[in-house]
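Reader: I have a model open and would like to understand the labels attached to it. Could you take me through the reasoning behind a few of them?

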Amino acid sequence: SEVLQVVGPAAPVVVSPGEDAVLPCYLSPRESVEDLEIRWFREISRPPVCLYQYRKYNSDRQDPAYRGRVELFSNELSRGNVSLTLRNITRSDHGQYTCMVLSDLWEDDTVIDLSVRVLSAVSVSLLSPGGDQAQLLCRSEGWFPQPAVIWTDRDGNEVTSQPPTVDRNSQGLLSVSSYIPVKQEFNIFSCLVRSTQPKADWESQLYIPSEYRVE
């Protein structure tokens, strides 16, 4: 007979706070898991996120932070689907989850990465340090995880900047600030703050006339 394996996704699951997430996990080859134990957990020493035993949920041993927020696909258990739905995502849900399936004679598991992404708008402002050269400041607050900052000019060429300054607030969200020098010549600069996770860019532009005056 074929060796049973617990299989998860190759890429992280990326969501934003307040959304629901599905952490994919299934048995290969596809066999019923209705009579097996299904255990989802963050750390082996902590109570499980979800525990399914003897054809029912065991909420007594469940981590209280996940009570009422998680659910298996009950009608898919007969086809080896042990994916977990996690509702109302918070930033504290960010991290790794282990999907384990056990019987009296066998067990296997796989690890799924859940990335909780917090995005924010971007502002660009013109600063004068008091010398003959001004600076542009690109600032964005309330990110998680830390984003990348990319400056470009009107032709789309990247403009070198110093590594951004990063601050963390009491909620653990990040603020980034990035500066570039500006010469007194016509240009349009764009600051792109890009999430390290896919599908998330915020951009702001500032038009620099050939003659400007900084108050």
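Reader: What makes C25 and C99 a disulfide?

Author: Happy to explain, and please keep in mind that this is a predicted model. The sulfur atoms of C25 and C99 are 2.1 Å apart, and a disulfide needs them within 2.5 Å, so the pair qualifies. The link joins distant parts of the chain, 74 residues apart: C25 sits in the loop between β3 and β4, C99 in strand β10.

Reader: How do you know that C50 is in no disulfide?

Author: The nearest cysteine sulfur, that of C99, is 9.7 Å away from C50's. The cut-off is 2.5 Å, so C50 stays unpaired.

Reader: Why is S140 called buried?

Author: Its relative accessibility is 1%. Buried means under 20%, so S140 meets the criterion.

Reader: What makes the contact between the side chains of S140 and W143 a polar contact?

Author: The two side chains are joined at 2.6 Å, and the limit for such a pair of N or O atoms is 3.5 Å, so this one counts.

Reader: How do you know that β13 and β17 pair?

Author: Pairing takes at least two bridges, and 8 bridges join β13 to β17, so they are partners. They run antiparallel, and S140 stands opposite V176 in β17. Both strands belong to an open sheet with the order β12-β13-β17-β16.

Reader: Why are β12 and β16 said to stand at the edges?

Author: Each has a single partner strand, so one side of each is left without a neighbour in the sheet.

How values were computed: Residues numbered from 1 in each chain as written. Predicted model: local features only at pLDDT ≥ 70, side-chain atom pairs only at ≥ 80, totals over all residues. Heavy atoms only, no water. Buried < 20%, exposed > 50% of the residue type's maximum accessible area, 1.4 Å probe, protein only. Polar contact = N/O pair within 3.5 Å; in protein donor to acceptor, adjacent residues only side chain to side chain. Helix = DSSP H or I, 4+ residues; strand = E, 2+ residues; numbered from the N terminus.
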